Amino acid sequence: MNREPISEAIQVTVKLFAIFQEVMATEQMQINLESGTTVSQIFDHLTVQFPSLDRWRAVTRYAVNLNFVEPQTVLKDGDEVALIPPVSGG
């Protein structure tokens with residue numbers, strides 16, 4: 001009997017900065033995802049609820065557990081993900 005592998009759920013903390021914080025009106029959130037989810041899929045998840053964020057996709061950097069990562073990085077349970085849009089300072 002062939003059985004589909006059961007996909008494990010993971011929970012990550014998403015830290016938000018600048019425009020993400022403004023649009024979503026929060027500094028961080030907990031998100032439950034399927035095992036094997038990539039960092040860029042977090043962005044996909046958020047733009048379903050907040051479509052206006054999609055314009056920032058190409059210029060957003062990602063960090064996992066305080067280290068910059070590539071968008072295709074696979075997340076693990078308990079990871080802390082930061083979405084970092086470009087910021088201008090003065």
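What follows is a short dialogue on reading the salt bridges of a predicted model.

Me: How many salt bridges does the structure hold?

Reply: Happy to start there! The idea is a side-chain nitrogen of Lys or Arg within 4 Å of a carboxyl oxygen of Asp or Glu. In this predicted model, three pairs qualify as salt bridges.

Me: Which residue does the side chain of Lys-15 meet in a salt bridge?

Reply: Its partner is Glu-80, with an N to O distance of 4.0 Å. Have a look at where the two sit: Lys-15 belongs to strand 1 (residues 9–16) and Glu-80 to strand 5 (residues 80–84). The bridge therefore links distant parts of the chain, 65 residues apart.

Me: Which residues are linked in a network of salt bridges?

Reply: Asp-44, Asp-54 and Arg-57 are. Arg-57 meets Asp-44 at 2.7 Å, N to O. Asp-44 is in helix 2 (39–49), while Arg-57 lies in the loop between that helix and strand 3 (61–64), so this pair ties together parts 13 residues apart in sequence. Arg-57 also forms a salt bridge with Asp-54, at 2.9 Å, N to O.

Me: Is Arg-57 buried, partly exposed or exposed?

Reply: Here the cut-offs help: buried means under 20% relative accessible area, and exposed means over 50%. Arg-57 has 29%, so this residue is partly exposed. Its partners read likewise as partly exposed: Asp-44 at 35% and Asp-54 at 39%.

Me: And what is the relative accessible area of Lys-15, and of Glu-80?

Reply: Lys-15 has 25%, which makes this residue partly exposed. Glu-80 counts as partly exposed too, at 29%.

Technical notes:
Residues numbered from 1 in each chain as written. Predicted model: local features only at pLDDT ≥ 70, side-chain atom pairs only at ≥ 80, totals over all residues. Heavy atoms only, no water. Helix = DSSP H or I, 4+ residues; strand = E, 2+ residues; numbered from the N terminus. Buried < 20%, exposed > 50% of the residue type's maximum accessible area, 1.4 Å probe, protein only.
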